[in-house]
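Biologist: I should like a close look at one part of this model, followed by an account of what surrounds it. Please keep the explanation suitable for a first-year student.

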Amino acid sequence: MQELVEEAVTLDAGDPLAGWREEFVIADPELAYLDGNSLGMPTKRAFERVEQVMRDDWAAGLIRSWDHWLDWPQAVGAELAPLIGAEPHEVVVHDSTSVNLFQLITAAVGLRPDRRVIAVDPADFPTDRYIVESIAAARDLEVRAGFDQLDDVAVAVRSMVDYRSAEIVDVATEAARAREAGAVVVWDLSHAAGLLPVRVHEVGIDLAVGCTYKFLNGGPGAPAFTFVRADLIEQLDEPFHGWFAQTDQFAMGDTFTPRADIGRFRIGTPSILSLVAAQAGIEVSAAAGIEAIRAKSVELGRFGLRCCDALGLSTSTPRDDDRRGGHLCVHEPDARRIVAEMTEHDRVLADFREPDVVRLGCSPLTTRFADVARATIAVANRR
Ligand SMILES: Cc1ncc(COP(=O)(O)O)c(C=O)c1O
Ligand SMILES: Nc1c(O)cccc1C(=O)C[C@H](N)C(=O)O
(Lines give C-alpha, C1' and ligand atoms only; values in the text may rest on other atoms or scores of the structure.)
(Ligands and ions follow the chains in the order given, each with its own letter.)
Protein backbone atom coordinates (compact mmCIF):
# COMPACT_ATOMS: atom_id res chain seq x y z
CA MET A 1 0.00 0.00 0.00
CA GLN A 2 2.84 2.33 0.84
CA GLU A 3 4.20 1.98 -2.71
CA LEU A 4 0.88 3.08 -4.16
CA VAL A 5 0.84 6.16 -1.94
CA GLU A 6 4.42 6.97 -2.97
CA GLU A 7 3.66 6.47 -6.64
CA ALA A 8 0.67 8.78 -6.29
CA VAL A 9 2.88 11.49 -4.77
CA THR A 10 5.25 11.23 -7.75
CA LEU A 11 2.40 11.32 -10.25
CA ASP A 12 0.79 14.34 -8.58
CA ALA A 13 4.14 16.13 -8.57
CA GLY A 14 4.47 15.59 -12.32
CA ASP A 15 0.84 16.32 -13.17
CA PRO A 16 0.61 19.21 -15.66
CA LEU A 17 -3.02 19.84 -14.66
CA ALA A 18 -2.41 19.89 -10.90
CA GLY A 19 -2.59 23.68 -10.81
CA TRP A 20 -6.20 23.70 -12.03
CA ARG A 21 -7.43 22.78 -8.56
CA GLU A 22 -6.71 26.43 -7.81
CA GLU A 23 -9.65 27.35 -10.02
CA PHE A 24 -12.04 25.58 -7.65
CA VAL A 25 -13.46 26.33 -4.23
CA ILE A 26 -12.34 23.27 -2.28
CA ALA A 27 -13.81 23.44 1.19
CA ASP A 28 -11.94 20.39 2.51
CA PRO A 29 -8.60 19.85 0.79
CA GLU A 30 -8.13 16.60 2.73
CA LEU A 31 -11.28 15.10 1.26
CA ALA A 32 -10.73 12.51 -1.46
CA TYR A 33 -13.64 13.42 -3.72
CA LEU A 34 -14.38 10.63 -6.18
CA ASP A 35 -17.80 11.89 -7.19
CA GLY A 36 -17.00 14.60 -9.73
CA ASN A 37 -18.73 12.42 -12.34
CA SER A 38 -21.96 12.98 -10.46
CA LEU A 39 -21.51 16.53 -9.22
CA GLY A 40 -18.36 18.42 -10.19
CA MET A 41 -16.76 20.87 -7.78
CA PRO A 42 -17.65 24.59 -7.81
CA THR A 43 -15.41 26.94 -9.75
CA LYS A 44 -14.26 30.19 -8.20
CA ARG A 45 -15.41 31.86 -11.39
CA ALA A 46 -18.96 30.64 -10.75
CA PHE A 47 -19.01 32.36 -7.36
CA GLU A 48 -17.72 35.58 -8.90
CA ARG A 49 -19.85 35.46 -12.04
CA VAL A 50 -23.10 34.61 -10.30
CA GLU A 51 -22.56 37.40 -7.81
CA GLN A 52 -21.68 39.82 -10.57
CA VAL A 53 -24.75 38.94 -12.62
CA MET A 54 -26.96 39.23 -9.56
CA ARG A 55 -25.54 42.65 -8.70
CA ASP A 56 -24.99 44.25 -12.09
CA ASP A 57 -27.68 42.58 -14.17
CA TRP A 58 -30.44 41.50 -11.84
CA ALA A 59 -30.27 44.20 -9.16
CA ALA A 60 -29.13 47.12 -11.28
CA GLY A 61 -30.43 46.23 -14.72
CA LEU A 62 -33.64 44.50 -13.68
CA ILE A 63 -35.89 43.69 -16.64
CA ARG A 64 -33.55 45.53 -19.01
CA SER A 65 -31.03 42.74 -18.59
CA TRP A 66 -33.14 40.43 -20.71
CA ASP A 67 -31.81 42.42 -23.67
CA HIS A 68 -28.53 40.62 -23.32
CA TRP A 69 -29.68 37.55 -21.36
CA LEU A 70 -31.95 36.35 -24.14
CA ASP A 71 -29.23 34.78 -26.25
CA TRP A 72 -27.06 33.38 -23.48
CA PRO A 73 -28.15 29.73 -23.94
CA GLN A 74 -26.76 29.88 -27.49
CA ALA A 75 -23.71 31.86 -26.40
CA VAL A 76 -22.83 29.31 -23.72
CA GLY A 77 -23.57 26.55 -26.21
CA ALA A 78 -21.04 28.11 -28.55
CA GLU A 79 -18.45 27.99 -25.75
CA LEU A 80 -19.23 24.36 -25.03
CA ALA A 81 -19.23 23.33 -28.70
CA PRO A 82 -15.45 22.92 -29.20
CA LEU A 83 -15.28 20.64 -26.17
CA ILE A 84 -17.37 18.08 -28.07
CA GLY A 85 -16.03 18.92 -31.53
CA ALA A 86 -19.18 20.75 -32.65
CA GLU A 87 -19.57 24.06 -34.46
CA PRO A 88 -20.63 27.01 -32.28
CA HIS A 89 -24.08 27.24 -33.89
CA GLU A 90 -24.87 23.57 -33.26
CA VAL A 91 -25.11 23.60 -29.45
CA VAL A 92 -27.53 25.25 -27.04
CA VAL A 93 -27.43 25.02 -23.24
CA HIS A 94 -30.92 24.74 -21.77
CA ASP A 95 -33.31 22.80 -19.57
CA SER A 96 -32.21 19.40 -18.24
CA THR A 97 -30.80 16.22 -19.71
CA SER A 98 -34.12 14.45 -19.19
CA VAL A 99 -36.14 17.20 -20.86
CA ASN A 100 -33.67 17.47 -23.72
CA LEU A 101 -33.72 13.71 -24.21
CA PHE A 102 -37.50 13.74 -24.42
CA GLN A 103 -37.36 16.61 -26.85
CA LEU A 104 -34.70 15.19 -29.14
CA ILE A 105 -35.92 11.59 -29.16
CA THR A 106 -39.45 12.77 -29.99
CA ALA A 107 -38.13 15.00 -32.76
CA ALA A 108 -35.95 12.17 -34.08
CA VAL A 109 -38.93 9.79 -34.19
CA GLY A 110 -40.54 12.35 -36.48
CA LEU A 111 -37.69 11.87 -38.95
CA ARG A 112 -38.66 8.20 -39.46
CA PRO A 113 -42.48 8.20 -39.60
CA ASP A 114 -42.52 4.81 -41.33
CA ARG A 115 -40.74 2.99 -38.49
CA ARG A 116 -42.27 1.82 -35.19
CA VAL A 117 -39.31 0.90 -32.96
CA ILE A 118 -37.12 2.77 -30.46
CA ALA A 119 -34.05 0.90 -29.25
CA VAL A 120 -32.40 1.47 -25.88
CA ASP A 121 -29.90 -0.44 -23.77
CA PRO A 122 -31.78 -2.05 -20.86
CA ALA A 123 -28.75 -1.26 -18.70
CA ASP A 124 -28.61 2.40 -19.65
CA PHE A 125 -29.10 5.18 -17.13
CA PRO A 126 -32.70 5.04 -15.83
CA THR A 127 -33.88 8.40 -17.13
CA ASP A 128 -32.93 7.43 -20.69
CA ARG A 129 -34.89 4.17 -20.45
CA TYR A 130 -37.91 5.67 -18.76
CA ILE A 131 -38.16 8.48 -21.29
CA VAL A 132 -37.92 6.06 -24.20
CA GLU A 133 -40.70 4.00 -22.63
CA SER A 134 -42.93 7.04 -22.12
CA ILE A 135 -42.47 8.25 -25.70
CA ALA A 136 -43.12 4.77 -27.03
CA ALA A 137 -46.27 4.39 -24.91
CA ALA A 138 -47.65 7.76 -26.01
CA ARG A 139 -47.06 6.98 -29.69
CA ASP A 140 -47.77 3.28 -29.68
CA LEU A 141 -44.19 2.38 -30.61
CA GLU A 142 -42.24 -0.71 -29.66
CA VAL A 143 -39.24 -0.51 -27.32
CA ARG A 144 -36.41 -2.82 -28.29
CA ALA A 145 -33.75 -3.85 -25.78
CA GLY A 146 -30.31 -3.37 -27.32
CA PHE A 147 -28.93 -2.57 -30.73
CA ASP A 148 -28.21 -5.94 -32.37
CA GLN A 149 -30.99 -5.49 -34.91
CA LEU A 150 -31.45 -1.98 -36.32
CA ASP A 151 -33.05 -2.46 -39.73
CA ASP A 152 -36.55 -1.49 -38.52
CA VAL A 153 -35.46 0.95 -35.78
CA ALA A 154 -36.55 4.58 -36.03
CA VAL A 155 -34.41 5.89 -33.18
CA ALA A 156 -31.68 4.34 -31.04
CA VAL A 157 -30.86 6.03 -27.73
CA ARG A 158 -27.34 5.40 -26.48
CA SER A 159 -24.93 6.62 -23.84
CA MET A 160 -21.39 7.12 -25.07
CA VAL A 161 -19.89 6.21 -21.68
CA ASP A 162 -21.60 3.63 -19.48
CA TYR A 163 -22.50 5.17 -16.12
CA ARG A 164 -21.62 1.98 -14.26
CA SER A 165 -18.65 0.33 -15.97
CA ALA A 166 -17.21 3.44 -17.69
CA GLU A 167 -17.03 1.55 -20.98
CA ILE A 168 -16.85 3.84 -24.02
CA VAL A 169 -18.91 2.76 -27.00
CA ASP A 170 -17.07 2.61 -30.32
CA VAL A 171 -19.16 5.52 -31.53
CA ALA A 172 -17.76 5.75 -35.05
CA THR A 173 -18.53 2.08 -35.78
CA GLU A 174 -21.93 2.15 -34.11
CA ALA A 175 -23.01 5.43 -35.69
CA ALA A 176 -22.05 4.11 -39.14
CA ARG A 177 -23.92 0.85 -38.54
CA ALA A 178 -27.04 2.76 -37.49
CA ARG A 179 -26.86 5.08 -40.47
CA GLU A 180 -26.55 2.13 -42.82
CA ALA A 181 -29.65 0.60 -41.24
CA GLY A 182 -31.55 3.87 -41.56
CA ALA A 183 -31.83 4.43 -37.80
CA VAL A 184 -31.34 7.83 -36.16
CA VAL A 185 -29.22 7.80 -32.99
CA VAL A 186 -29.66 10.17 -30.06
CA TRP A 187 -26.48 10.06 -27.98
CA ASP A 188 -26.34 10.84 -24.27
CA LEU A 189 -22.94 12.42 -23.66
CA SER A 190 -23.47 13.03 -19.93
CA HIS A 191 -20.46 10.95 -18.85
CA ALA A 192 -18.32 12.10 -21.79
CA ALA A 193 -18.69 15.88 -22.08
CA GLY A 194 -15.78 17.68 -20.47
CA LEU A 195 -13.91 14.40 -20.02
CA LEU A 196 -12.91 13.42 -23.54
CA PRO A 197 -12.92 15.08 -26.94
CA VAL A 198 -16.12 13.57 -28.30
CA ARG A 199 -15.43 14.84 -31.85
CA VAL A 200 -19.08 14.64 -32.86
CA HIS A 201 -18.48 15.28 -36.55
CA GLU A 202 -15.55 12.90 -36.90
CA VAL A 203 -17.40 9.99 -35.32
CA GLY A 204 -20.76 10.63 -36.97
CA ILE A 205 -22.89 11.87 -34.08
CA ASP A 206 -25.93 13.73 -35.46
CA LEU A 207 -27.94 14.37 -32.31
CA ALA A 208 -26.85 14.46 -28.69
CA VAL A 209 -27.67 15.71 -25.24
CA GLY A 210 -25.58 15.84 -22.10
CA CYS A 211 -25.33 17.46 -18.72
CA THR A 212 -22.98 20.18 -17.52
CA TYR A 213 -22.89 19.41 -13.79
CA LYS A 214 -20.53 16.44 -14.00
CA PHE A 215 -17.12 16.89 -15.66
CA LEU A 216 -18.00 20.41 -16.77
CA ASN A 217 -18.44 21.48 -13.13
CA GLY A 218 -21.52 23.58 -13.89
CA GLY A 219 -23.24 23.16 -10.52
CA PRO A 220 -26.21 21.22 -9.15
CA GLY A 221 -29.05 21.24 -11.64
CA ALA A 222 -27.01 23.24 -14.15
CA PRO A 223 -28.73 23.36 -17.54
CA ALA A 224 -27.96 20.58 -19.98
CA PHE A 225 -27.05 20.87 -23.65
CA THR A 226 -28.49 19.85 -26.98
CA PHE A 227 -26.30 19.25 -30.02
CA VAL A 228 -27.89 19.02 -33.47
CA ARG A 229 -25.86 18.67 -36.66
CA ALA A 230 -26.39 21.93 -38.52
CA ASP A 231 -28.22 20.55 -41.55
CA LEU A 232 -30.71 18.67 -39.36
CA ILE A 233 -31.82 21.63 -37.25
CA GLU A 234 -34.58 22.75 -39.56
CA GLN A 235 -35.71 19.21 -40.28
CA LEU A 236 -36.59 18.55 -36.64
CA ASP A 237 -39.99 19.35 -35.21
CA GLU A 238 -39.37 19.51 -31.49
CA PRO A 239 -42.44 18.70 -29.41
CA PHE A 240 -42.71 21.55 -26.91
CA HIS A 241 -43.29 24.58 -29.10
CA GLY A 242 -42.38 26.90 -26.23
CA TRP A 243 -42.21 30.60 -26.91
CA PHE A 244 -38.39 30.76 -26.67
CA ALA A 245 -38.25 28.64 -29.82
CA GLN A 246 -40.44 31.08 -31.67
CA THR A 247 -39.20 33.29 -34.49
CA ASP A 248 -39.64 36.90 -33.45
CA GLN A 249 -40.57 35.86 -29.93
CA PHE A 250 -41.76 39.23 -28.69
CA ALA A 251 -44.15 39.77 -31.59
CA MET A 252 -46.38 37.43 -29.51
CA GLY A 253 -47.85 36.14 -32.75
CA ASP A 254 -50.82 33.82 -33.15
CA THR A 255 -49.00 30.90 -34.69
CA PHE A 256 -45.84 29.08 -33.75
CA THR A 257 -43.11 29.45 -36.36
CA PRO A 258 -39.97 27.77 -35.01
CA ARG A 259 -36.64 29.49 -35.32
CA ALA A 260 -34.37 28.17 -38.04
CA ASP A 261 -31.28 28.07 -35.80
CA ILE A 262 -30.27 25.99 -32.77
CA GLY A 263 -32.49 28.28 -30.66
CA ARG A 264 -35.40 26.21 -31.97
CA PHE A 265 -34.62 23.70 -29.19
CA ARG A 266 -35.17 26.19 -26.42
CA ILE A 267 -38.45 26.02 -24.56
CA GLY A 268 -39.11 28.66 -21.92
CA THR A 269 -37.34 31.23 -19.76
CA PRO A 270 -33.76 30.09 -19.08
CA SER A 271 -32.34 29.79 -15.54
CA ILE A 272 -29.87 32.61 -15.94
CA LEU A 273 -28.00 32.15 -12.65
CA SER A 274 -27.51 28.43 -13.23
CA LEU A 275 -26.47 29.13 -16.78
CA VAL A 276 -23.84 31.56 -15.57
CA ALA A 277 -22.39 28.99 -13.17
CA ALA A 278 -22.37 26.43 -15.98
CA GLN A 279 -20.60 28.89 -18.25
CA ALA A 280 -17.88 29.32 -15.64
CA GLY A 281 -17.33 25.55 -15.49
CA ILE A 282 -17.29 25.25 -19.27
CA GLU A 283 -14.76 28.08 -19.50
CA VAL A 284 -12.41 26.39 -17.07
CA SER A 285 -12.54 23.10 -19.00
CA ALA A 286 -12.01 24.92 -22.29
CA ALA A 287 -9.04 26.83 -20.87
CA ALA A 288 -7.43 23.67 -19.49
CA GLY A 289 -7.91 21.99 -22.88
CA ILE A 290 -9.94 18.88 -23.55
CA GLU A 291 -6.94 16.94 -24.90
CA ALA A 292 -4.96 17.62 -21.72
CA ILE A 293 -7.99 16.67 -19.63
CA ARG A 294 -8.34 13.40 -21.50
CA ALA A 295 -4.61 12.67 -21.16
CA LYS A 296 -4.84 13.02 -17.39
CA SER A 297 -8.06 11.00 -17.29
CA VAL A 298 -6.26 8.15 -19.02
CA GLU A 299 -3.42 8.33 -16.49
CA LEU A 300 -5.84 8.43 -13.55
CA GLY A 301 -7.56 5.35 -14.96
CA ARG A 302 -4.32 3.46 -15.50
CA PHE A 303 -3.15 4.28 -12.00
CA GLY A 304 -6.54 3.35 -10.53
CA LEU A 305 -6.42 -0.03 -12.25
CA ARG A 306 -2.87 -0.60 -10.97
CA CYS A 307 -4.14 0.19 -7.47
CA CYS A 308 -7.07 -2.22 -7.88
CA ASP A 309 -4.74 -4.98 -9.10
CA ALA A 310 -2.22 -4.42 -6.32
CA LEU A 311 -4.97 -4.44 -3.71
CA GLY A 312 -6.83 -7.41 -5.16
CA LEU A 313 -9.96 -5.41 -6.02
CA SER A 314 -12.15 -6.68 -8.82
CA THR A 315 -13.14 -4.18 -11.48
CA SER A 316 -15.13 -4.35 -14.72
CA THR A 317 -13.77 -1.04 -16.02
CA PRO A 318 -12.14 -1.60 -19.43
CA ARG A 319 -8.36 -1.90 -19.44
CA ASP A 320 -8.04 -0.57 -22.96
CA ASP A 321 -7.49 3.19 -22.59
CA ASP A 322 -9.60 3.91 -25.67
CA ARG A 323 -12.56 2.06 -24.22
CA ARG A 324 -12.38 3.52 -20.68
CA GLY A 325 -14.17 6.67 -19.51
CA GLY A 326 -13.59 8.61 -16.35
CA HIS A 327 -14.49 6.33 -13.49
CA LEU A 328 -13.49 3.04 -11.97
CA CYS A 329 -16.09 0.45 -11.22
CA VAL A 330 -15.06 -1.76 -8.31
CA HIS A 331 -17.26 -4.76 -7.51
CA GLU A 332 -17.73 -5.63 -3.85
CA PRO A 333 -20.64 -7.68 -2.49
CA ASP A 334 -20.85 -5.23 0.42
CA ALA A 335 -20.42 -2.10 -1.70
CA ARG A 336 -23.19 -0.11 -0.03
CA ARG A 337 -21.70 -0.53 3.46
CA ILE A 338 -18.17 0.17 2.21
CA VAL A 339 -19.19 3.47 0.58
CA ALA A 340 -21.08 4.54 3.71
CA GLU A 341 -18.12 3.72 5.96
CA MET A 342 -15.64 5.51 3.73
CA THR A 343 -17.81 8.62 3.88
CA GLU A 344 -18.15 8.37 7.64
CA HIS A 345 -14.59 7.47 8.61
CA ASP A 346 -12.10 7.91 5.76
CA ARG A 347 -12.91 11.31 4.27
CA VAL A 348 -13.43 9.54 0.97
CA LEU A 349 -16.57 10.30 -1.05
CA ALA A 350 -17.53 7.76 -3.68
CA ASP A 351 -20.78 6.38 -5.08
CA PHE A 352 -22.59 3.17 -4.45
CA ARG A 353 -24.38 1.91 -7.54
CA GLU A 354 -26.67 -1.09 -7.61
CA PRO A 355 -26.08 -3.94 -7.26
CA ASP A 356 -22.50 -4.20 -6.03
CA VAL A 357 -20.53 -1.25 -7.40
CA VAL A 358 -18.22 1.15 -5.63
CA ARG A 359 -17.86 3.83 -8.28
CA LEU A 360 -14.77 5.99 -8.12
CA GLY A 361 -15.19 9.00 -10.38
CA CYS A 362 -11.99 10.70 -11.47
CA SER A 363 -12.46 14.29 -12.54
CA PRO A 364 -9.20 15.36 -14.17
CA LEU A 365 -9.24 19.00 -13.09
CA THR A 366 -9.77 18.23 -9.42
CA THR A 367 -8.93 14.58 -8.70
CA ARG A 368 -5.41 13.88 -7.46
CA PHE A 369 -3.63 10.58 -7.93
CA ALA A 370 -3.37 10.57 -4.12
CA ASP A 371 -7.18 10.61 -3.96
CA VAL A 372 -7.32 7.50 -6.15
CA ALA A 373 -4.73 5.75 -3.97
CA ARG A 374 -6.57 6.68 -0.78
CA ALA A 375 -9.95 5.63 -2.14
CA THR A 376 -8.85 2.25 -3.42
CA ILE A 377 -6.92 1.55 -0.22
CA ALA A 378 -10.00 2.52 1.80
CA VAL A 379 -12.15 0.10 -0.22
CA ALA A 380 -9.61 -2.68 0.32
CA ASN A 381 -9.38 -1.98 4.06
CA ARG A 382 -13.13 -2.00 4.53
CA ARG A 383 -13.86 -5.20 2.65
C1 LIG B 1 -26.30 9.12 -18.70
C2 LIG B 1 -27.11 10.08 -17.86
N3 LIG B 1 -28.18 10.69 -18.42
C4 LIG B 1 -28.93 11.55 -17.70
C5 LIG B 1 -28.62 11.84 -16.38
C6 LIG B 1 -29.45 12.77 -15.58
O7 LIG B 1 -30.42 13.49 -16.19
P8 LIG B 1 -30.97 14.80 -15.47
O9 LIG B 1 -29.83 15.78 -15.45
O10 LIG B 1 -32.12 15.21 -16.24
O11 LIG B 1 -31.31 14.44 -14.06
C12 LIG B 1 -27.51 11.24 -15.78
C13 LIG B 1 -27.13 11.49 -14.38
O14 LIG B 1 -27.86 11.93 -13.53
C15 LIG B 1 -26.76 10.33 -16.54
O16 LIG B 1 -25.70 9.72 -16.01
N1 LIG C 1 -27.94 14.16 -11.28
C2 LIG C 1 -27.88 13.61 -10.05
C3 LIG C 1 -28.73 14.09 -9.04
O4 LIG C 1 -29.59 15.09 -9.33
C5 LIG C 1 -28.68 13.53 -7.76
C6 LIG C 1 -27.79 12.50 -7.51
C7 LIG C 1 -26.94 12.02 -8.48
C8 LIG C 1 -27.03 12.54 -9.76
C9 LIG C 1 -26.20 12.01 -10.85
O10 LIG C 1 -25.74 12.76 -11.64
C11 LIG C 1 -25.99 10.56 -10.94
C12 LIG C 1 -25.14 10.20 -12.13
N13 LIG C 1 -25.74 10.61 -13.39
C14 LIG C 1 -24.81 8.74 -12.25
O15 LIG C 1 -24.25 8.37 -13.27
O16 LIG C 1 -25.03 7.98 -11.36
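Where in the chain is the place of Pro355?

Modeller: Pro355 lies in the loop between strand S12 (351-353) and strand S13 (357-361). Helices (H or I, at least four residues) and strands (E, at least two) are DSSP runs, numbered from the N terminus. The model is a predicted one, in which local features need pLDDT of at least 70 and side-chain atom pairs count only at pLDDT 80 or more, while totals for chains, interfaces and linings use all residues. Residues are numbered from 1 along each chain as its sequence is written, and chains are lettered from A and ligands numbered from 1 in the order in which they are written.

The bond that leads into Pro355 deserves attention. Glu354 and Pro355 are joined by a cis peptide bond, with omega at about -5°. Another backbone feature appears at Ala166, whose phi is near 75°; this is a positive value in a residue other than glycine. Ala166 also sits in a loop, between strand S5 (153-159) and helix H7 (171-181).

The chain around these loops contains 12 helices and 13 strands. Its C-alpha trace spans about 70 × 55 × 35 Å along the principal axes.

Helix H12 (residues 369-381) is a useful place to continue, as it packs against helix H10 (residues 290-311). The two axes are 10 Å apart, at an angle of about 25° (axes are lines fitted to C-alpha atoms, for helices over the stretch in contact, and angles run from 0 to 180 degrees between N-to-C directions). H10 is therefore roughly parallel to H12 (under 35 degrees is roughly parallel, over 145 roughly antiparallel, 65 to 115 roughly perpendicular, and the rest oblique). From H10, Leu300, Phe303, Gly304, Cys307, Cys308 and Leu311 meet Phe369, Val372, Ala373, Thr376, Ile377 and Ala380 of H12 (contact requires C-beta atoms, placed from the backbone, within 7 Å). By class, this contact holds 10 nonpolar, two polar and no charged residues (Ala, Val, Leu, Ile, Met, Phe, Trp, Tyr, Cys and Pro count as nonpolar, Asp, Glu, Lys and Arg as charged, and the others, Gly among them, as polar).

Helix H1 (residues 2-13) also meets H12, with axes that come within 7 Å and cross at roughly 160°. That angle makes H1 roughly antiparallel to H12. Leu4, Val5, Ala8, Val9, Leu11 and Asp12 of H1 make the contact with Phe369, Ala370, Val372, Ala373 and Ile377 of H12. Here there are 10 nonpolar residues, no polar ones and one charged residue. Phe369, Val372, Ala373 and Ile377 of H12 take part in the contact with H10 and in the contact with H1.

A further pair is formed by helix H4 (residues 72-84) and helix H9 (residues 272-288), whose axes lie 10 Å apart at an angle of about 20°. H4 and H9 are therefore roughly parallel to each other. H4 contributes Trp72, Pro73, Val76, Glu79, Leu80, Pro82 and Leu83 to the contact, and H9 contributes Ile272, Leu275, Ala278, Gln279, Ile282, Glu283, Ser285 and Ala286. These residues divide into 11 nonpolar, two polar and two charged.

Finally, ligand 1 is surrounded by 13 residues, of which Ser96, Thr97, Ser98, Phe125 and Ser190 come nearest (a residue is near when its C-beta atom, placed from the backbone, lies within 6 Å). Helix H5 (97-109) and helix H6 (126-139) each supply at least two residues of this shell. The shell has four nonpolar, seven polar and two charged residues.

How values were computed. Contact = placed C-beta atoms within 7 Å.
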